Amino acid sequence: MNSRRNFFKHAGLAAGAVAAASVGRAALAALPEPVMQTQASTQAPLLPTTGRPYNPVVTLNGWTLPWRMNQGVKEFHLVAEPVVREMAPGFKAHLWGYNGQSPGPTIEVVEGDRVRIFVTNKLPEHTSIHWHGQRLPNGMDGVTGLNQPGISPGKTFVYEFVARRPGTFMYHPHADEMTQMAMGMMGLWVTHPQAKHPLIDEVQRDFCFLLNAFDIDPGSATPKIMTMLDFNLWGWNSRIFPGIDALPVRLGDKVRLRVGNLTMTNHPIHIHGHEFSVTGTDGGPVPLTARWPEVTVDVAVGQMRQMEFVADEEGDWAFHCHKSHHTMNAMGHNVPTLIGVDHRGLAPRIKSLIPDYMVMGERGMADMAEMDMPIPDNTLPMMTGQGPFGSVEMGGMFSVLKVRRDQAPGNYKDPGWYKHPPGTVAHEYTGPLADPARFKAEAGQSMPRAQRPTTDTEVRARKPSGHSGH
Ligand SMILES: [Cu+2]
């Protein structure tokens, strides 16, 4: 009796579902219209108009992919294709990406959403998408040959699974990975919690970006895909400083930064003026007892780190990878160190043979930021970026956190340079120098130098300013 009633109940539901399906069948059977992006600037957060509500993220120099609801399923359409990506004003790269850009658009869903992603391949070789960090049925994991056949050029595949746990994830091809990732194919995925979560705080600003690296010879536009380690362009979302947008926040905002690494080396991501805690990885939220304050977090290859802090110090705060070669743009790595080498006399002789010859490096490399050296077309200077006090002498993985009292909630417009209150900027000292007292206390050391004969080694140093007076 009971089972019979259940049978009719289920039958009724099934009939209803079929009826509902037949209503919009024509409209909904087709693929969702792929949405393309033509700009490389940071797009405003995409507020959800359908599906469950959430607080959207802001993708640095990127965007979130719109979706359509199809009978309760969130449907997205990714198109894998060659793209032209402006990596900074004055420099465009020929990359592979998704929907007009590299990296691809950020996908934002809510915990528990059933998600259907159509992937159309417009590349000249097969591809697939692996959904890095997700819990999903094995056949949806995207490893070509292992979980699915490759998606041939011109074909469309469909992936479908439930976004089971909240967090920050990534997506990238798992087919000819070396080529396709070196060409810029990757994207971010954020699954928002469906309710208040004890380990996921609400924040006022939620930024995300991917770390990526390219090897593009000065004057050319296509990455060298065989490069294993010696990349010359270090990017955040396929942008390089000064092409990376600033992160404007309001004084007192709680800020979350989600950073994923799909390069071939680790990146210690460092913030000035504040300390943060790592509140999540691509494995999920970090338990409260496992969090500690940091100003730098190493994001290893294939990892995501989610950092949170309260922006309670006004100003323009540098935010960058702490590997100093990663805040440089394209350069040759086989240049000898010339600090201290005396070029006088040599330069005029070389100039008579090579008119454009320039002496560089004998006082360090800071001159590089200012010298007007001829460089090939479609190439950025090695270190550049004009700040309020001159060249910032940076490139690559560098941006600025701009904390302002008057930055309106939800406003992501760059507020310009910080106006320092009078007397709060480091400045030249011109007064007299007194000898510190400790210099006079010769015998004050607890461990005096051993009394044994020494031979002096002569080191001849030339002072940086010393072109004259020797
Ligand atoms: Cu780095």
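In this predicted model, His267 stands opposite Val299 in strand 19. The pairing to which these two residues belong joins strand 15 and strand 19 (residues 296-299), which run in the antiparallel sense over four bridges. Strand 15 is also joined to strand 21 (residues 315-321), again antiparallel, by three bridges, and here Ile269 stands opposite Cys321.

The side chains of strand 15 (residues 267-271) alternate along its length: His267, Ile269 and Ile271 point to one face and are buried, whereas Pro268 and His270 point to the other face and are not buried. In a regular strand, such alternation of side chains between the two faces of the sheet is the general pattern.

The loop between strand 14 (254-261) and strand 15 holds Met264. Because 15 C-beta neighbours lie inside 10 Å of Met264, and a residue must have 20 or more to be buried and 12 or fewer to be exposed, Met264 counts as partly exposed. When residues up to four places away in sequence are not counted, Met264 touches Ala213, Met228, Leu229 and Val301. For one of these contacts, that with Val301, the separation in sequence is 37 residues, while the C-alpha atoms of Met264 and Val301 are 6.2 Å apart in space.

Elsewhere in the model, four strands form an open sheet of mixed pairing, in the order 5-10-9-7. Strand 5 (107-110) and strand 7 (130-132) stand at the edges of this sheet, and since each has a single partner strand, one side of each is left without a neighbour in the sheet. From one strand to the next, the twist averages 25°. Within the sheet, strand 9 (residues 167-172) and strand 10 (residues 187-192) run antiparallel and are joined by five bridges, with Gly167 having Thr191 of strand 10 as its bridge partner.

The largest nonpolar core contains 83 residues, of which Met170, Trp189, Phe207, Leu233 and Ile240 touch the most other members. In soluble globular proteins, nonpolar side chains tend to be buried together. The surroundings of Leu233 can be described further: with its neighbours within four places in sequence left aside, Leu233 is in contact with Met87, Ala213, Phe214, Ile216, Ile240, Asn329, Ala330 and Gly396. Ile240 is thus both a contact of Leu233 and, together with Leu233, among the core residues that touch the most other members. Ala213, also in contact with Leu233, is likewise touched by Met264 of the loop before strand 15.

Notes
Residues are numbered from 1 along each chain as its sequence is written. This is a predicted model: local features need pLDDT of at least 70, side-chain atom pairs count only at pLDDT 80 or more; totals for chains, interfaces and linings use all residues. Two strands pair if DSSP finds at least two bridges between them. Axes are lines fitted to C-alpha atoms, for helices over the stretch in contact, and angles run from 0 to 180 degrees between N-to-C directions. A nonpolar core is a set of buried Ala, Val, Leu, Ile, Met, Phe, Trp, Tyr and Cys residues joined through C-beta atoms within 7 Å. Two residues are in contact if their C-beta atoms, placed from the backbone, lie within 7 Å.
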